[in-house]
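User: I would like to learn how to read a protein model. Could you take me through it feature by feature?

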Amino acid sequence: MTTTCDPGDLRLDDRLCLALYTASRAMTARYRPALAGLGLTYPQYLVMVLLWEDGPSSVGQIGGRLNLESSTLSPLLKRLEGLGMLTRTRDERDERTVVVDVTPAGVRLQDAAKSVPIEICDATGLSADVQSTLVAQLRELADTLEG
C-alpha cells in the first residue's frame, strides 16, 4: 500500500479524523433545536426522511441505508411506532421480513418538517454547490474506507 501522507507530521488539529468527528457532532447538535418542535431525535428524523422518500421499506433496507445496526434500529422504530408515526408489519410473502410504513400522522409530520433542511442548509453557511461537492467527497471517502 502506498501512503500519501505521513501521519507522524500531523498535529491533532490537522487530522482528518478529528475534523470529521467534530463536524459530525456539530451537525447533529445543530439538528436538535430544529427537530425539537417535531418531537424527533436526529436518528428518528433520518428514518422518517428515508420513508418519506422511499415509501414502505424493510427494516433491513432501512438499516443498510442508514448504516444502523438492528440493535439500534429496532428500539428507534418501536418509539416512532409508539408516537404514531409509522407501522411495522410482517411481510405476507416472507414472515421474517418486517416492513415499515408511514402513517397518516407521519405524512402530516413531513409537511411540518419541510423547514428543517432549509434551516440546516442556512446554518452551514455553504452554498448548495459546495454542499453537493462535500457530500460527494464524503461518500467517496466512506466507500474507500469501507472497501
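Analyst: What follows is a walk through this predicted model, one feature at a time.

User: Where does confidence come in, and what is the mean pLDDT of the chain?

Analyst: Confidence is given residue by residue, on a scale from 0 to 100. For this chain the mean pLDDT is 93, and 96% of the residues reach 70 or more. Confidence is highest in α2, at 97, and lowest in helix α6 (residues 115-124), at a mean of 94.

User: How many helices and strands are there in the chain?

Analyst: The chain has 7 helices and 3 strands. Read from the N terminus, the order of elements is α-α-β-α-α-β-β-α-α-α. The C-alpha trace spans about 55 × 35 × 25 Å along its principal axes.

User: What share of the residues in the chain is buried?

Analyst: Of the 147 residues, 22% are buried. Contacts add to the picture: among those between residues at least 6 apart in sequence, 50% join residues at least 24 apart.

User: What is the order of the strands in the sheet?

Analyst: To read a sheet, list the strands by position across it. Here the sheet is open, has 3 strands and follows the order β1-β3-β2, with antiparallel pairing. The edges are β1 (57-58) and β2 (86-90); each has a single partner strand, so one side of each lacks a neighbour in the sheet.

User: Over how many bridges do β2 and β3 pair?

Analyst: The antiparallel pairing of β2 with strand β3 (residues 98-102) covers 5 bridges. For a single example, take T89, whose bridge partner in β3 is V99.

User: Which helix lies across the strands?

Analyst: That is α2, which lies across β1, β2 and β3 and runs at about 85 degrees to β3.

User: What does S58 touch, and is S58 buried or exposed?

Analyst: S58 is found in strand β1. At 14% relative accessibility, S58 counts as buried. Not counting residues up to four places away in sequence, S58 touches T97, V98 and V99.

User: And where is D91 found?

Analyst: D91 is in the loop between β2 and β3. Its relative accessibility is 15%, so D91 counts as buried. With neighbours within four places in sequence left aside, D91 is in contact with T97 and V99.

User: Now the aromatic rings. How many aromatic pairs does a search of the whole structure find?

Analyst: For a ring pair, look at the distance between centres and the angle between planes. The search finds 2 pairs. One of them joins Y31 and Y42: the rings are 4.8 Å apart centre to centre, with 50 degrees between the planes, and the pair is tilted. Y31 belongs to helix α1 (residues 16-36) and Y42 to helix α2 (residues 42-54), so the pair ties together parts 11 residues apart in sequence.

User: Which ring does Y31 pair with besides that of Y42?

Analyst: Y31 also pairs with Y45. Their ring centres are 5.7 Å apart and the planes stand at 45 degrees, so this pair is tilted. The pair links distant parts of the chain, with Y31 in helix α1 and Y45 in helix α2, 14 residues apart. Together, ring pairs link Y31, Y42 and Y45 into a cluster.

User: How does burial look in that cluster, starting with Y31 and Y45?

Analyst: Y31 and Y45 are both buried. For Y31 the relative accessible area is 12%. Y42, at 24% relative accessibility, counts as partly exposed. The reason is the cut-off: buried means under 20% and exposed means over 50%, with partly exposed in between.

User: Which residue has a positive phi although it is not a glycine?

Analyst: That residue is N67, with a phi of about 55 degrees. N67 sits in the loop between α3 (59-66) and α4 (70-82). Its relative accessible area is 60%, so N67 is exposed.

User: One last feature: how many disulfides are counted?

Analyst: A disulfide needs two cysteine sulfur atoms within 2.5 Å. By this rule the count is 0. As for individual cysteines, C17 is exposed, with a relative accessible area of 54%, and C121 is partly exposed at 26% relative accessibility.

Terms used:
Residues numbered from 1 in each chain as written. Predicted model: local features only at pLDDT ≥ 70, side-chain atom pairs only at ≥ 80, totals over all residues. Heavy atoms only, no water. Phe/Tyr/Trp six-rings, centres within 6.5 Å; stacked < 30°, edge-to-face > 60°. Helix = DSSP H or I, 4+ residues; strand = E, 2+ residues; numbered from the N terminus. Buried < 20%, exposed > 50% of the residue type's maximum accessible area, 1.4 Å probe, protein only. Pairing = 2+ DSSP bridges. Contact = heavy atoms within 4.5 Å. Axes fitted to C-alpha atoms, helices over the stretch in contact; angles between N-to-C directions. pLDDT = per-residue confidence, 0-100.
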